[in-house]
Amino acid sequence: MKKFTISMLVVGAIALCGVAMSPLTATADDDAAGGKCFRTKFDTTMTKDACAKGGQGEAKKVWKAFVTEAKKTEATLACKTCHTKMGPEFPLEKDALDHYKKLGGK
Ligand code: HEC
């Protein structure tokens, strides 16, 4: 039983180290946080800014926040409403950009 407790502590300490280190690696190298965005030209300032700031990981974050907010207007909205595939290139449905603008996106 004692042995079990100690090994749990070791595992916990290692996990804590990982958590403590991750913000450092993310700022040191954007690629570590999921890589750059696929697009290099953007039609939306939201995506452009997010990609510049933190690559595709940050873009996913802002899109999730956007969809959460936009669901108040359109309850059935999902990533798949506008994206035919969820990564790595996030290809768009034909009306995706119009749809985004209609929902108040910039
Ligand atoms: C209303 C339509 C719409 C919805 C819903 C939507 N997206 Fe998008 N998404 C777009 C458009 C349009 C672009 C292209 C943006 C640009 O050109 O600036 C895009 C781009 C992206 C990109 C950038 C990809 C790259 O590397 O170039 C990511 C990541 C992304 N979306 C993730 C998501 C996720 C995750 C969700 C769901 C939580 C989501 N999107 C929901 C329309 C949408």
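Biologist: Is Cys79 buried, exposed or partly exposed?
Modeller: In this predicted model, Cys79 has a relative accessibility of 35%. Buried would need under 20%, and exposed over 50%. The value for Cys79 falls in between, so Cys79 counts as partly exposed.

Biologist: And Cys82, buried or exposed?
Modeller: The relative accessible area of Cys82 is 14%. The cut-off for burial is under 20%. Cys82 therefore counts as buried.

Biologist: Which residues come nearest to the ligand?
Modeller: There are 24 residues around the ligand. Both cysteines just discussed, Cys79 and Cys82, are in the nearest group. The full group is Phe38, Gln56, Cys79, Cys82 and His83.

Biologist: Where does the ligand sit?
Modeller: The test asks whether more than half of its atoms lie within 2 Å of the grid points. The ligand passes for one site, the largest pocket.

Biologist: Which helix supplies the largest share of the shell around the ligand?
Modeller: Three helices each give at least two residues: H2 (45–70), H3 (79–82) and H4 (96–102). One of them gives 7 residues, the largest share. That helix is H2.

Biologist: How many residues of the shell are nonpolar?
Modeller: Split the shell by class. Polar residues number 4, and charged residues also number 4. The nonpolar count is 16.

Biologist: Which side chain has an N or O atom 2.7 Å from an oxygen atom of the ligand?
Modeller: A polar contact needs N or O atoms within 3.5 Å. At 2.7 Å, this pair meets the limit. The side chain belongs to Gln56.

Biologist: How far is the side chain of Trp63 from a nitrogen atom of the ligand?
Modeller: The atom on the protein side is an N or O atom in the Trp63 side chain. Its partner is a nitrogen atom of the ligand. The distance is 3.1 Å.

Biologist: Which residue has a backbone N or O atom 3.0 Å from an oxygen atom of the ligand?
Modeller: Here the backbone makes the approach, whereas Gln56 uses its side chain. The backbone atom is that of Asp43.

Biologist: Which cysteines form a disulfide?
Modeller: A disulfide is a covalent bond between the sulfur atoms of two cysteines. The cut-off is 2.5 Å between the sulfur atoms, and the count comes to 1 disulfide. Its sulfur atoms are 1.9 Å apart. The pair is Cys37 and Cys51.

Biologist: How many residues apart are Cys37 and Cys51?
Modeller: The pair links distant parts of the chain. Cys37 is in the loop between helix H1 (2–28) and H2, while Cys51 is in helix H2. Their separation, in residues, is 14.

Biologist: Is the disulfide left-handed or right-handed?
Modeller: Look at the torsion about the S-S bond of Cys37 and Cys51. The torsion is about -85 degrees, so the disulfide is left-handed.

Biologist: Are Cys37 and Cys51 buried or exposed?
Modeller: Burial means under 20% relative accessible area. Both cysteines fall in that class. Cys37 and Cys51 are buried.

Biologist: Which residues does the cis peptide bond join?
Modeller: Most peptide bonds are trans. In this bond, omega is about -10 degrees. Its proline lies in the loop between H3 and H4. The bond joins Gly87 and Pro88.

Biologist: What is phi of Phe90?
Modeller: Phe90 is in the loop between H3 and H4 and is buried, with a relative accessible area of 12%. Most residues other than glycine have a negative phi. In Phe90, phi is positive, near 50 degrees.

Biologist: Which side chain makes a polar contact with that of Thr44?
Modeller: Thr44 lies in the loop between H1 and H2. At 8% relative accessibility, Thr44 counts as buried. The contact is 2.6 Å, and the partner is Thr47.

Biologist: Is Asp49 buried or exposed?
Modeller: Asp49 is found in helix H2. Its relative accessible area is 52%, and the cut-off is over 50%. Asp49 therefore counts as exposed.

Biologist: What pattern does the protein chain follow along the sequence?
Modeller: The protein chain has 4 helices and 0 strands. Read along the sequence, the pattern is α-α-α-α.

How values were computed. Residues are numbered from 1 along each chain as its sequence is written. This is a predicted model: local features need pLDDT of at least 70, side-chain atom pairs count only at pLDDT 80 or more; totals for chains, interfaces and linings use all residues. Side-chain values use heavy atoms; hydrogens and water are left out. A residue is near a molecule or strand if one of its heavy atoms lies within 4 Å of it. A polar contact is a pair of N or O atoms within 3.5 Å; within protein, one must be able to donate a hydrogen and the other to accept it, and residues adjacent in sequence count only if both atoms are side-chain atoms. On a 1 Å grid over the protein atoms alone, a cavity is a set of points where a 1.4 Å probe fits but cannot get out, and a pocket is an open set with protein on both sides within 12 Å along at least five of seven lines; lining residues have an atom within 4 Å of a point. Ala, Val, Leu, Ile, Met, Phe, Trp, Tyr, Cys and Pro count as nonpolar, Asp, Glu, Lys and Arg as charged, and the others, Gly among them, as polar. Buried means under 20% relative accessible area, exposed over 50%, partly exposed in between (1.4 Å probe, protein chains only).
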